Amino acid sequence: FSPKDVTVVFVLGGPGAGKGTQCANLVRDYGFVHLSAGDLLRAEQDRPGSQFGQLIKDCIKNGDIVPMEVTVQLLENAMTEVLQKDSSKNKFLIDGFPRKMDQAVKFEESVCPAKFVLFYDCPEQEMERRLLERGKTSGRADDNAESIRKRFKTFEQTSMPVVDAYEKEGKVLKIDATPSPVAVYRETQEQMKKWLQ
Ligand code: UP5
Ligand code: MG
């Protein structure tokens, strides 16, 4: 597919900031297609015959970032598959990606530049509370205190510079993700108005 035929919005924020929760609202009301990089990696990890299964498993458990070639390819495949089924589904929310500068550069060069970036900003203490709560039932290998600490460190050191770089380009909508999901969504819609006309 050609970059001019699609719209891409990146959805960023720390672990547990509420990216997935807000994407579900945006899919319902704006007709976006939601692609979570983490979900695609977890599916690839479990796919029989995948050559990346163990690598992905280790990275996720340690809060490390999977080499970009793997993730960019999974995203591009997923976009192609959606478009082949229905070419009118051409607005994508890419959730939890890019989380490292090299991924951002590679994706924008080889797939498509982002129109804007939603950045969900939340204090670590609140994100930790949410993740530990979710960890009681999620079955996610990284929803435990030790993995959470590592995920926070990676986010601070490696992923925040991506947000800062888009901020300099004037592409970031920064949303306080601390209030209730409903309030966070209201703020999201308010801020998106100027970009979606
Ligand atoms: N919740 C949500 N909003 C709330 C609110 N406003 N108030 C109170 N509670 C709220 O929400 C998390 C929990 O909080 C839920 O229980 C929710 O009900 C509640 P969710 O919407 O799931 O938050 P989200 O930001 O999506 O959290 P997630 O845990 O998915 O974030 P991560 O960024 O850590 O996870 P992701 O799946 O994106 O990545 C996992 C790992 O994959 C990474 O650590 C990395 O190892 C790997 N990865 C890569 O290597 N490369 C990539 O490009 C992407 C991922
Ligand atoms: Mg998520």
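This is a short tour of ligand 1 and the pocket around it, in a predicted model.

Start by selecting ligand 1 and bringing up its surroundings. You should find 32 residues around ligand 1, with T21, D64, V66, R134 and R151 the closest. Colour that shell by class and it splits into 13 nonpolar, 10 polar and 9 charged residues.

Next, show the side chains of K19, R42 and R99. An N or O atom in the K19 side chain is 2.8 Å from an oxygen atom of ligand 1. For R42, a polar side-chain atom lies 2.9 Å from a ligand 1 oxygen, and the R99 side chain has an N or O atom 2.9 Å from an oxygen atom of ligand 1. Ligand 1 on its own has 1,000 Å² of accessible area, and the protein covers 86% of it.

Now switch to cartoon and pick out the helices α1 (19-30), α2 (37-46), α3 (53-62) and α6 (124-138): each gives the ligand 1 shell at least two residues. Linger on α2, which supplies the largest share of that shell, 4 residues.

Then hide the ligand and look at the space it was in: ligand 1 sits in the largest pocket, whose volume is about 840 Å³. Select the 42 lining residues; P15, G16, K19, R140 and R151 lie nearest the pocket's centre. By class, the lining holds 15 nonpolar, 15 polar and 12 charged residues.

Last stop: which element gives the largest share of this lining? It is α2 again, with 5 residues. Other elements to highlight, each supplying at least two lining residues, include β2 (33-36), α7 (145-168) and α8 (181-192).

How values were computed:
Residues are numbered from 1 along each chain as its sequence is written. Chains are lettered from A and ligands numbered from 1 in the order in which they are written. This is a predicted model: local features need pLDDT of at least 70, side-chain atom pairs count only at pLDDT 80 or more; totals for chains, interfaces and linings use all residues. Side-chain values use heavy atoms; hydrogens and water are left out. A residue is near a molecule or strand if one of its heavy atoms lies within 4 Å of it. A polar contact is a pair of N or O atoms within 3.5 Å; within protein, one must be able to donate a hydrogen and the other to accept it, and residues adjacent in sequence count only if both atoms are side-chain atoms. Accessible areas come from the Shrake-Rupley method with a 1.4 Å probe; for residues, only the protein chains shown count as cover. On a 1 Å grid over the protein atoms alone, a cavity is a set of points where a 1.4 Å probe fits but cannot get out, and a pocket is an open set with protein on both sides within 12 Å along at least five of seven lines; lining residues have an atom within 4 Å of a point. A molecule sits in a cavity or pocket if more than half of its atoms lie within 2 Å of its grid points. Ala, Val, Leu, Ile, Met, Phe, Trp, Tyr, Cys and Pro count as nonpolar, Asp, Glu, Lys and Arg as charged, and the others, Gly among them, as polar. Grid points are joined across faces, edges and corners, and a volume is the space filled by probe spheres set on the points.
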